[in-house]
Amino acid sequence: MKNMIGLILVSHSEKITDGIKDLVVEMTKDEVPIISCGGTTDGRLGTSADKIVDAINELSGCNRILIFTDIGSSIMSSEIALDLVDEDLKEKCILVDAPIVEGAFVAGVQSMVSDDVDAVLGEVQLTKLSKF
């Protein structure tokens, strides 16, 4: 059975993460688990460690969970969320340093062809070097 890689998208705007999710789902035919975690729990602009914890728990069946963030508190909220989940689950998670749109897109597509998280992350890191 293929090891599954799940994606979590964290931004200050739910519209941003929903849009990125739509893009990735369109390319992956919904074969890659992906959760949009934009905005706060009450729908405002901002980030929520609680939403991220819920997303991590929802993807607990995945072998690896890649978390993509945009700026500032999205990174901090993701780090806080990682401190709030069980250690076994935390070990599955990787906070990815890559552009959120390009990185999540490449990770989604690569996750369809490879369950090797290092290979997927290698392709994601190329997004930092290229101009799409």
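## Helix packing and the parallel sheet

The axes of α1 and α5 come within 9 Å and cross at roughly 25 degrees, where axes are lines fitted to C-alpha atoms, for helices over the stretch in contact, and angles run from 0 to 180 degrees between N-to-C directions. The two helices, α1 and α5, are therefore roughly parallel to each other, since angles under 35 degrees count as roughly parallel, over 145 as roughly antiparallel, 65 to 115 as roughly perpendicular and the rest as oblique. This is a predicted model, in which local features need pLDDT of at least 70 and side-chain atom pairs count only at pLDDT 80 or more, while totals for chains, interfaces and linings use all residues. Residues are numbered from 1 along each chain as its sequence is written, and side-chain values use heavy atoms, with hydrogens and water left out. Helices (H or I, at least four residues) and strands (E, at least two) are DSSP runs, numbered from the N terminus.

The crossing of α1 and α5 is right-handed, a term used if the near helix is turned clockwise from the far one by less than a right angle, anticlockwise being left-handed. On the α1 side the contact (heavy atoms within 4.5 Å) is made by Ile-20, Leu-23, Val-24, Met-27 and Thr-28, and on the α5 side by Ile-100, Val-101, Ala-104, Phe-105, Gly-108, Val-109 and Met-112. By class, the contact of α1 with α5 holds ten nonpolar, two polar and no charged residues; Ala, Val, Leu, Ile, Met, Phe, Trp, Tyr, Cys and Pro count as nonpolar, Asp, Glu, Lys and Arg as charged, and the others, Gly among them, as polar.

A second helix pair is formed by α2 (residues 49-58) and α3 (residues 73-84), which pack at an angle of about 55 degrees with their axes 8 Å apart. That angle makes α2 oblique to α3, and the crossing of α2 and α3 is right-handed. Ala-49, Ile-52, Val-53 and Ile-56 of α2 make the contact with Ser-77, Ser-78, Ile-80, Ala-81, Leu-82 and Leu-84 of α3. The residues of the contact of α2 with α3 divide into eight nonpolar, two polar and no charged.

The strands form the next part of the picture. An open sheet is built from four strands in the order β2-β1-β3-β4, and the pairing is parallel, two strands being paired if DSSP finds at least two bridges between them. Its edge strands are β2 (34-36) and β4 (93-96), each of which pairs on one side only, and neighbouring strands of the sheet are turned by 20 degrees against each other on average, direction ignored. Helix α2 lies across β1, β2, β3 and β4, running at about 170 degrees to β1.

Within the sheet, strand β1 (residues 5-10) and strand β3 (residues 64-69) run parallel and are joined by six bridges. Ile-5 stands opposite Arg-64 in β3, and Leu-7 stands opposite Leu-66 in β3. Leu-66 also has a bridge partner in β4, namely Ile-94, and β3 and β4 pair in the parallel sense over four bridges. Five of the six residues of β3 are buried, so β3 is largely enclosed by the rest of the structure; buried means under 20% relative accessible area, exposed over 50%, and partly exposed in between (1.4 Å probe, protein chains only).

Thr-69, which is placed in strand β3, counts as buried at 7% relative accessibility. Leaving aside its neighbours within four places in sequence, Thr-69 is in contact with Val-10, Ser-74, Ile-75, Ser-78, Leu-95, Ala-98 and Ile-100. Among these partners, Ser-78 also takes part in the contact of α2 with α3, and Ile-100 in the contact of α1 with α5.

Several loop residues can be set beside Thr-69 by accessibility.

| Residue | Place | Relative accessible area |
|---|---|---|
| Lys-29 | loop between α1 (14-28) and β2 | 58%, exposed |
| Asp-30 | loop between α1 and β2 | 55%, exposed |
| Asp-116 | loop between α5 (100-113) and α6 (117-126) | 38%, partly exposed |

Most residues other than glycine have a negative phi. Lys-29, however, has a positive phi of about 55 degrees although it is not a glycine, and phi of Asp-30 is near 65 degrees, a positive value in a residue other than glycine. Asp-116 and Gly-103 are 13 residues apart in sequence and 16 Å apart in space, C-alpha to C-alpha.
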